[in-house]
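Reader: I should like to go through the descriptive terms applied to this structure and hear the grounds for each. Please set every value against its definition.

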Amino acid sequence: MNSSTAKNGEAREYIESTPKRQGKVGRHCRRFWWVWLIAFCLSILVIMIVIVYAILPAVGQKELDKTVLNLHSFTILEPSPTSLLLSVNSTITGASGIAAHSRLEPMEVSFFLENHKPIQPFMSLQLPGIKGGSAVPVITTNVTTEITSVPGLTEFSALLLGSETLRVAIRGRTTLWAGKLHTKVNYNEVVTIKGFNQLEGMEIEEYTLLNQTQQADGSNLGGKVLIPNPTVFEIQMGDVHINMSLNGQTLGNGTIPGLHIRPGNNTYDFRAKVQTSALIPLATALGSGNPVVLDVRGNGTDINGVSIPWLAGPLSALNVKVPIKARE
Ligand SMILES: *[C@@H]1O[C@H](CO)[C@@H](O)[C@H](O)[C@H]1NC(C)=O
Ligand SMILES: *[C@@H]1O[C@H](CO)[C@@H](O)[C@H](O)[C@H]1NC(C)=O
Ligand SMILES: *[C@@H]1O[C@H](CO)[C@@H](O)[C@H](O)[C@H]1NC(C)=O
Ligand SMILES: *[C@@H]1O[C@H](CO)[C@@H](O)[C@H](O)[C@H]1NC(C)=O
Ligand SMILES: *[C@@H]1O[C@H](CO)[C@@H](O)[C@H](O)[C@H]1NC(C)=O
Ligand SMILES: *[C@@H]1O[C@H](CO)[C@@H](O)[C@H](O)[C@H]1NC(C)=O
Ligand SMILES: *[C@@H]1O[C@H](CO)[C@@H](O)[C@H](O)[C@H]1NC(C)=O
């Protein structure tokens, strides 16, 4: 009882004293309200500045760096010595935190080989705006792309044709919007992609001898060739010319006309001109019952007569072993 009275007494004393203090503070506030307002505005400003200039760029960049680009398809059409028509179907995953709730303005990204020093971007691509989310599709269709470095692109296609996997870096710079706030961010991504692995598994599936005098190009052999494509790349390669030899002996030349290579195991028509002196050795080898394996090397590629050096070079560098499938 006693203690509670004492407490009440204290409370009363406190209540009695506050109106005076409130009055003082109130008067002070009324007189200097503008000081408080300015202080309040300044602190909001400081907080905003910290968010916009320090936290948002750092956090936005960090979250963007965590994302992963998944390539579903990469299509190269209408190749020319200076440009190509690109289509990419991809998704960006792994966006969390601020990146999942923000959006990126459209940006131009450039492609280069990861370990190439100095970096040598070989092409660039205009990407659409990207909204945050858990799996964001990033799709572009038929974008005309200038080749920014022919040596760079040649190196890329050599690796694409020759390796099992390769690493390609993609870089861009754009604006990230988080609600009404925005900041500049760098888009840096390295993707590991499957290559054609030296066209391993290429095989002549069927062939027929042609009457040479009836063929406009003088071919005496025609058939179908299997070209496995374990990659996500679809490439219009044009008329691919090949040199063929058997056990070190020149056999002749051939063409895979209008080669438009698609993902998966597909067969394509080919035509060849086996030189007269090689016809009998070839026929003997085929008749022997032993496996016959041709050595095939690219000897140029062109579309409507225009040579495509960045494809031709790498194709001629590959020496592909192509077995002829035995007839049943
Ligand atoms: C992109 O790829 C996905 C997954 O392979 C597929 O379902 C979708 O239809 C493709 N979209 C376009 C526009 O090609
Ligand atoms: C893209 O271009 C190719 C070749 O010019 C054409 O065949 C195809 O229909 C085009 N695709 C779209 C979606 O426009
Ligand atoms: C090839 O075609 C020419 C012209 O049509 C014909 O004269 C010739 O007999 C044919 N040769 C063979 C081996 O069928
Ligand atoms: C290889 O290509 C060169 C240059 O285009 C051409 O002159 C040559 O005849 C081709 N060789 C064969 C065997 O097709
Ligand atoms: C073989 O090479 C010659 C000379 O370059 C060319 O005229 C001919 O079309 C080629 N044949 C094939 C089947 O590629
Ligand atoms: C293509 O053929 C190879 C060898 O037979 C096989 O390992 C691979 O799975 C096939 N790829 C597709 C896409 O069917
Ligand atoms: C193809 O054969 C021709 C003629 O035999 C030769 O001049 C050319 O260098 C060969 N091409 C390649 C890539 O070996």
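Author: A residue counts as exposed when its relative accessible area is over 50%, and as buried when that area is under 20%. The model under discussion is predicted.

Reader: Why is Lys-131 called exposed?

Author: Lys-131 has a relative accessible area of 62%. The cut-off for the term is over 50%, so Lys-131 is exposed.

Reader: Where does Lys-131 lie, and which residues does Lys-131 touch beyond four places away in sequence?

Author: Lys-131 belongs to strand 6, residues 130-131. Leaving aside residues up to four places away in sequence, Lys-131 touches Ser-102, Arg-103 and Val-136. Its C-alpha atom is separated by 14 Å from that of Leu-69, the two residues being 62 apart along the chain.

Reader: What makes Thr-67 buried or exposed?

Author: The relative accessible area of Thr-67 is 4%. Buried means under 20%, so Thr-67 is buried. Thr-67 sits in the loop between helix 2 (33-65) and strand 1 (68-77). With residues up to four places away in sequence not counted, Thr-67 touches Ile-92, Thr-93, Gly-94, Ala-95, Tyr-187 and Glu-189.

Reader: How do you know that the side chain of Thr-67 makes a polar contact with the backbone oxygen of Leu-64?

Author: The side chain of Thr-67 reaches that oxygen at 2.7 Å. A polar contact requires N or O atoms within 3.5 Å, and the value of 2.7 Å for Thr-67 and Leu-64 satisfies this limit.

Reader: Which residues surround ligand 2, and what classes does the shell contain?

Author: Leu-77, Glu-78, Leu-85, Thr-141 and Asn-142 surround ligand 2. The protein buries 34% of the 360 Å² that ligand 2 exposes when taken alone. By class, the shell has 2 nonpolar, 2 polar and 1 charged residues.

Reader: What makes the pairings of ligand 2 with Glu-78 and Asn-142 polar contacts?

Author: The limit is 3.5 Å between N or O atoms. An N or O atom in the side chain of Glu-78 is 2.8 Å from an oxygen atom of ligand 2, and for the side chain of Asn-142 the corresponding value is 2.3 Å. Both values are therefore within the limit.

Reader: Is Glu-78 itself counted as buried or exposed, and what is its phi?

Author: Glu-78 has 53% relative accessibility. The threshold is over 50%, so Glu-78 counts as exposed. Its phi is near 45 degrees, a positive value in a residue other than glycine. Glu-78 lies in the loop between strand 1 and strand 2 (83-93).

Reader: Why is Asn-247 described as exposed?

Author: Asn-247 has 67% relative accessibility, and the term applies over 50%; Asn-247 therefore counts as exposed. Phi of Asn-247 is near 50 degrees, a positive value in a residue other than glycine. Its place is in the loop between strand 12 (233-246) and strand 13 (249-261).

Reader: What surrounds ligand 7, and which strand gives the most to that shell?

Author: The residues around ligand 7 are Asn-243, Arg-297, Gly-298, Asn-299 and Ser-316. Taken alone, ligand 7 exposes 360 Å², of which the protein buries 39%. Strand 15 (residues 292-303) gives the most to the shell, with 3 residues. The shell has no nonpolar, 4 polar and 1 charged residues.

Reader: How do you know that Asn-243 and Asn-299 make polar contacts with ligand 7?

Author: A polar side-chain atom of Asn-243 lies 2.3 Å from an oxygen atom of ligand 7. For Asn-299, a polar side-chain atom lies 3.0 Å from a nitrogen atom of ligand 7. The definition asks for N or O atoms within 3.5 Å, so both pairs qualify.

Reader: Which residues are around ligand 3, and what distances support polar contacts there?

Author: Asn-211, Thr-213 and Gln-214 are around ligand 3. The distances from side-chain polar atoms to an oxygen atom of ligand 3 are 2.3 Å for Asn-211, 3.2 Å for Thr-213 and 3.1 Å for Gln-214. Each is within 3.5 Å. Of the 360 Å² of accessible area that ligand 3 has on its own, the protein covers 25%.

Definitions and conventions:
Residues are numbered from 1 along each chain as its sequence is written. Chains are lettered from A and ligands numbered from 1 in the order in which they are written. This is a predicted model: local features need pLDDT of at least 70, side-chain atom pairs count only at pLDDT 80 or more; totals for chains, interfaces and linings use all residues. Side-chain values use heavy atoms; hydrogens and water are left out. A residue is near a molecule or strand if one of its heavy atoms lies within 4 Å of it. A polar contact is a pair of N or O atoms within 3.5 Å; within protein, one must be able to donate a hydrogen and the other to accept it, and residues adjacent in sequence count only if both atoms are side-chain atoms. Accessible areas come from the Shrake-Rupley method with a 1.4 Å probe; for residues, only the protein chains shown count as cover. Ala, Val, Leu, Ile, Met, Phe, Trp, Tyr, Cys and Pro count as nonpolar, Asp, Glu, Lys and Arg as charged, and the others, Gly among them, as polar. Helices (H or I, at least four residues) and strands (E, at least two) are DSSP runs, numbered from the N terminus. Buried means under 20% relative accessible area, exposed over 50%, partly exposed in between (1.4 Å probe, protein chains only). Contact means heavy atoms within 4.5 Å.
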